[in-house]
Amino acid sequence: MHRIVVQREFRSRASHKALSFFGSFNHSRSTHSLPFATVEAEGISGSQPAEVQNLVQGKWIGSAAWNTLLDPLNGEPFIKVAEVDETGIKPFVESLSKCPKHGLHNPFKSPERYILYGDISAKAAYMLSLPKVSDFFTRLIQRVSPKSYQQAFGEVYVTQKFLENFSGDQVRFLARSFVVPGNHIGQQSHGYRWPYGPVAIITPFNFPLEIPVLQLMGALYMGNKPVLKVDSKVSIVMEQMMRLLHYCGLPTEDVDFINSDGKIMNKLLTEANPRMTLFTGSSRVAEKLAVDLKGRVKLEDAGFDWKILGPDVEEVDYVAWVCDQDAYACSGQKCSAQSILFMHENWSKSSLISKMKDLAERRKLEDLTIGPVLTVTTEAMLEHEKKLLQISGSKLLFGGEPLENHSIPAIYGGLKPTAIYIPLEEILKEANYELVTKEIFGPFQIVTDYKKDQLPMVLDALERMHAHLTAAVVSNDPIFLQDVIGNSVNGTTYAGLRARTTGAPQNHWFGPAGDPRGAGIGTPEAIKLVWSCHREIIYDFGPLPRDWQIPSST
């Protein structure tokens with residue numbers, strides 16, 4: 001009875017706290033723009049630059065070194081980032097070292113923190129559901145990683161839904177255990193999901209909110225203490241999100257947030273020696289980290305992602321639109337972007353390419369349906385195009401020219417949506433394959449076609465690829481689908497007439513396959529795989545059999 005009373009009191013307090021939280025925000029909206037924000041998204045400019053700080057051991061701090069970022073649309077210095085140098089990493093190393101290997105919580109230690117994180121998720125989901133808050137983050141994303149409003153809002157929406165998904169008791173359900181009967185009375189084996197303790201998260205520029213939030217919260221749900229580094233070009237988005245999470249009850253000491261260049265972050269990792277590091281980004285850096293950190297990594301690295309159009313030609317307008325979205329939304333700066341399109345000869349005879357060309361030419365800088373490329377210069381993309389067009393039988397289908405009438409600074413790129421046709425036989429040649437399958441993180445794709453009896457050649461091209469993130473098999477022919485899916489490996493593969501390569505939501509696994517280091521994101525399975533390990537505890541209480549005696553040595 002006492003336990004019931006205590007539970008009721010706890011629930012009553014929790015409900016009162018929640019009502020106080022929501023009430024306080026509703027009141028604050030009338031007196032202040034946003035209670036957690038330290039910037040105005042649309043007010044950031046050369047004349048009013050924003051500042052980005054670091055968070056360590058529960059305190060926001062600056063730095064002796066400030067990295068000034070250029071506005072990707074006009075070249076003005078518009079954000080100052082307090083980047084930590086070699087002399088400033090000690091507090092971050094100390095902070096991680098304070099976290100034990102068994103984590104901040106686990107099934108036997110501080111289990112109330114599972115409930116805490118369910119509450120934090122509920123509050124943060126509510127905040128992001130408010131039009132004023134979602135618009136703030138959408139426009140902040142647009143300022144640093146220019147993309148259309150709808151594409152930027154998609155990040156906020158997915159993040160909000162993810163937080164909804166892990167509200168209430170869903171966090172503790174991630175730590176669900178199992179029991180197997182033993183060999184005799186009093187013996188049972190229990191399997192538990194166990195945290196790593198001190199961990200690190202490194203995320204890229206192209207999804208400044210969705211990727212860091214989903215991975216960060218997954219790490220926290222499972223009981224880890226993370227240090228988070230987001231690409232400095234866009235880290236202002238996550239800095240503001242950290243402030244929102246603190247407003248929603250996240251303990252300030254649970255996460256450290258650092259701005260630095262890659263060299264300094266590498267030094268921090270090797271000195272702090274986190275038990276696990278999640279890296280999302282380029283394959284080159286991923287492989288270096290795997291060596292430096294002795295394999296204690298999970299990777300979601302680059303993807304040269306493919307789409308195959310099967311023999312059944314249907315809904316040409318729709319398929320063309322999806323191809324355009326997959327290749328050119330966010331100016332092609334998605335790790336899931338369509339990099340190569342294999343068309344069955346039946347599709348080659350359709351109006352698909354002309355429709356794709358028309359759709360690509362609708363994209364314009366004014367609404368950011370095409371925009372700055374933040375990691376590849378215009379010159380580099382044009383040079384790659386030039387090399388490809390030297391391959392026998394290749395031709396420019398559309399694009400291939402720099403964007404016009406813009407103020408994008410030279411350190412970034414600006415290219416019209418581009419597609420280059422290369423014959424399948426030429427792609428497979430040893431001298432051409434590496435060049436053709438080089439990932440260009442911009443509005444750039446390869447197009448080829450194949451005859452009915454050439455599907456094995458297409459499958460050979462897939463087998464030789466290095467990265468296996470997303471893929472699409474556009475067909476409703478079950479035999480064709482079975483053939484392609486059964487002979488490929490990409491971790492997130494869409495199949496059917498409406499198949500795509502991009503648009504990863506929060507309701508299914510997103511991640512590569514074929515690599516034991518591969519990381520997932522967004523689902524309970526992904527969180528448990530990336531952010532926890534298995535621990536088995538075998539209980540053996542007895543009693544001993546009455547007639548037990550010491551046996552002979554064995």
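The questions and answers below concern a predicted model and the reasons behind some of the terms applied to it.

Q: Why is C99 not counted in a disulfide?
A: A disulfide needs two cysteine sulfur atoms within 2.5 Å. The closest cysteine sulfur to that of C99 is in C533, at 13 Å, which is too far for a bond. C99 therefore fails the distance test.

Q: What rules out a bond for C323?
A: The same cut-off of 2.5 Å applies. From the sulfur of C323 to the closest cysteine sulfur, in C330, the distance is 17 Å, too far for a bond. By this rule the structure has zero disulfides.

Q: Why is C99 called buried or exposed, and which is it?
A: Buried means a relative accessible area under 20%. C99 has 7%, so C99 is buried.

Q: What is the case for C323, buried or exposed?
A: The relative accessible area of C323 is 0%. Set against the limit of 20%, this value makes C323 buried.

Q: Why is strand β11 described as largely enclosed by the rest of the structure?
A: The strand covers residues 276-280, and five of its five residues are buried, so the description follows.

Q: How are the side chains of β11 divided between the two directions?
A: M276, L278 and T280 point one way, while T277 and F279 point the other way. In a regular strand the side chains alternate between the two faces of the sheet. The residues on both sides of β11 are buried.

Q: What makes β8 and β11 a pair of strands?
A: At least two bridges are required for pairing. Strand β8 (residues 198-203) and β11 have four bridges, in the parallel sense, so they count as paired. Within this pair V199 stands opposite M276.

Q: What links β11 to β12?
A: Four bridges join β11 to strand β12 (residues 297-300), and the two run parallel. Against a requirement of at least two bridges, β11 and β12 count as paired. F279 of β11 stands opposite L299 in β12.

Q: Why are β6 and β20 called edge strands of their sheet?
A: The sheet is open, has three strands in the order β6-β7-β20, and is paired in the antiparallel sense. β6 (178-181) and β20 (533-540) each have a single partner strand, so one side of each is left without a neighbour in the sheet. From one strand to the next the twist averages 20 degrees.

Q: How do you know that β6 and β7 pair?
A: The test asks for at least two bridges. Between β6 and strand β7 (residues 187-194) there are four bridges, in the antiparallel sense. V180 stands opposite S189 in β7.

Q: What makes β1 and β4 the edges of the other sheet described here?
A: This open sheet has three strands in the order β1-β5-β4, with mixed pairing. β1 (50-52) and β4 (65-70) each pair on one side only. On average, neighbouring strands of this sheet are turned by 25 degrees against each other, direction ignored.

Q: What shows that β1 and β5 pair?
A: Three bridges lie between β1 and strand β5 (residues 77-83), in the parallel sense. The requirement is at least two, and β1 and β5 meet it. V52 stands opposite V81 in β5.

Q: What makes a space in the structure a cavity, and how many are there of 30 Å³ or more?
A: In a cavity a 1.4 Å probe fits but cannot get out. The structure holds three cavities of 30 Å³ or more. The largest has about 60 Å³ of space, and the second largest has about 50 Å³.

Q: Which element gives the most to the lining of the largest cavity?
A: Strand β17 (residues 444-450) does, with three residues. The lining includes F304, H384, K438 and F444. By class it divides into five nonpolar, three polar and two charged residues.

Q: What lines the second largest cavity?
A: Among its lining residues are G303, A327, K334, E439 and F441. The lining has five nonpolar, five polar and two charged residues.

Q: What makes a pocket distinct from a cavity, and how much space lies in the second largest pocket?
A: A pocket is an open set of points, whereas from a cavity the probe cannot get out. The second largest pocket holds about 770 Å³ of space. Of the 34 residues lining this pocket, K334, R500, T502, G503 and A504 lie nearest its centre. α5 gives the largest share of the lining, seven residues.

Key:
Residues are numbered from 1 along each chain as its sequence is written. This is a predicted model: local features need pLDDT of at least 70, side-chain atom pairs count only at pLDDT 80 or more; totals for chains, interfaces and linings use all residues. Side-chain values use heavy atoms; hydrogens and water are left out. Axes are lines fitted to C-alpha atoms, for helices over the stretch in contact, and angles run from 0 to 180 degrees between N-to-C directions. On a 1 Å grid over the protein atoms alone, a cavity is a set of points where a 1.4 Å probe fits but cannot get out, and a pocket is an open set with protein on both sides within 12 Å along at least five of seven lines; lining residues have an atom within 4 Å of a point. Grid points are joined across faces, edges and corners, and a volume is the space filled by probe spheres set on the points. Ala, Val, Leu, Ile, Met, Phe, Trp, Tyr, Cys and Pro count as nonpolar, Asp, Glu, Lys and Arg as charged, and the others, Gly among them, as polar. Buried means under 20% relative accessible area, exposed over 50%, partly exposed in between (1.4 Å probe, protein chains only).
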